[in-house]
Amino acid sequence: MNKILFVSLMIFVAAMSRLIPHPGNFTPVMAIALFSGASILSKRDSLLIPFFAMLISDAFIGFHSTMPVVYGCMALFTVLGWYLQKDKSIAKTIGLGLFGAVFFFVATNFAVWAGSSMYEKSFAGLIECYVLAIPFFNNTVASTLLYGIILFGSTKALEKIQFANAVKVT
């Protein structure tokens, strides 16, 4: 599969996953951002994949005040993926996935608390915001790990199949 088709397919899948019915925050976008950073050698292209996936789907879902924080988190997740380009070990990949999910939870919920009138502007209001977001955090962790396993695992399996076929041919 050529690179342009692969990148386009990733953007399409990530964007569409946000448009179909799903539990809140249960999408492959964060896993795609990490995978993109780990798999696409061009830093610019790896950053554009999650950015366009979010932008395309946000055009349908609706734009919101926390978009800069959400998009910043996706960029950070992609940059974290750059550290996996040479070593995609399971432990490192899961560790960065979990770190990214925690960072996303902390940053985006702080932005919701600070930028909306939904919560009292006090420490109690901040805690309430984080507590009420725990189900979304659980979905973020679960989807990042599940889709990460699918993306990284299928790529590894495909590499093994291609290597096995190359060995048989030669």
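In which helix does Ser-143 lie? In this predicted model, Ser-143 is part of helix 7, which covers residues 134–169. The surroundings of this serine are described below, after an account of the overall fold and of the confidence of the prediction.

The secondary structure of the protein consists of seven helices and zero strands. Read from the N terminus, the elements follow the order α-α-α-α-α-α-α. Along the principal axes, the C-alpha atoms occupy a box of roughly 70 × 30 × 30 Å. One separation within this box is that between Ala-114 and Phe-35, whose C-alpha atoms are 31 Å apart, with their positions 79 residues apart along the chain. Ala-114 belongs to helix 5 (residues 90–115). Its relative accessibility is 43%, and Ala-114 therefore counts as partly exposed.

The mean pLDDT of the protein is 90, and 93% of the residues reach a score of at least 70. Confidence is not uniform among the elements: helix 1 (residues 3–19) has the lowest mean, 78, whereas helix 6 (residues 123–132) has the highest, 98. Where pLDDT is low, predicted coordinates should not be read in detail.

Of the 170 residues in the protein, 38% are buried. The protein exposes an area of about 9,700 Å², of which carbon and sulfur atoms supply 74%. Contacts that span long stretches of sequence are frequent in the following sense: among contacts between residues at least 6 apart in sequence, 68% join residues that are at least 24 apart.

The environment of Ser-143 illustrates contacts of this kind. Ser-143 has a relative accessibility of 1%; because a residue under 20% is classed as buried, Ser-143 falls in that class. A polar atom of the Ser-143 side chain lies 3.3 Å from the backbone oxygen of Thr-140. When neighbours within four places in sequence are set aside, Ser-143 is in contact with Asn-25, Phe-26, Thr-27 and Gly-148.

Two of these partners, Asn-25 and Thr-27, were examined further. Asn-25 is located in the loop between helix 1 and helix 2 (29–39). The phi angle of Asn-25 is near 65°, a positive value in a residue other than glycine. Most residues other than glycine have a negative phi. With a relative accessible area of 33%, Asn-25 is classed as partly exposed. Thr-27 also lies in the loop between helix 1 and helix 2, but Thr-27 is buried, because its relative accessible area is 11%. Apart from residues up to four places away in sequence, Thr-27 touches Ser-17, Arg-18, His-22, Ser-143 and Tyr-147. Ser-143 and Thr-27 are thus in contact with each other, and Thr-27 also touches Arg-18, a residue that takes part in a salt bridge.

How many salt bridges does a search of the whole structure find? The search returns two. In one of them, the side chains of Arg-18 and Asp-58 meet at an N to O distance of 3.0 Å. This pair links distant parts of the chain, since Arg-18 is in helix 1 and Asp-58 is in helix 3, 40 residues apart. Both Arg-18 and Asp-58 are buried. The other salt bridge joins Arg-44 to Asp-45, with the closest N and O atoms 3.0 Å apart. Here the two partners fall into opposite classes of accessibility. Arg-44 has a relative accessible area of 56% and is therefore exposed, whereas Asp-45, at 17%, counts as buried.

The surface also carries a nonpolar patch, formed by Leu-19, Phe-51, Phe-52, Leu-55, Ile-56, Phe-60, Ile-61 and Phe-63. Together these residues present about 730 Å² of accessible area. Which helix contributes the largest share of the patch? That share, six residues, comes from helix 3 (residues 43–61). One member of the patch, Phe-60, lies in helix 3. The relative accessibility of Phe-60 is 63%, and because exposed residues are those over 50%, Phe-60 counts as exposed. Helix 3 accordingly provides most of the listed patch, with six residues, and also holds Asp-58, the partner of Arg-18.

Definitions and conventions. Residues numbered from 1 in each chain as written. Predicted model: local features only at pLDDT ≥ 70, side-chain atom pairs only at ≥ 80, totals over all residues. Heavy atoms only, no water. Patch = residues over 30% accessible without salt bridge, like charges linked within 9 Å, V, L, I, M, F, W, Y side chains within 5 Å. Areas by Shrake-Rupley, 256 points an atom, 1.4 Å probe, with all protein chains shown as cover. Salt bridge = Lys/Arg side-chain N within 4 Å of Asp/Glu carboxyl O. Helix = DSSP H or I, 4+ residues; strand = E, 2+ residues; numbered from the N terminus. Buried < 20%, exposed > 50% of the residue type's maximum accessible area, 1.4 Å probe, protein only. Polar contact = N/O pair within 3.5 Å; in protein donor to acceptor, adjacent residues only side chain to side chain. Contact = heavy atoms within 4.5 Å. pLDDT = per-residue confidence, 0-100.
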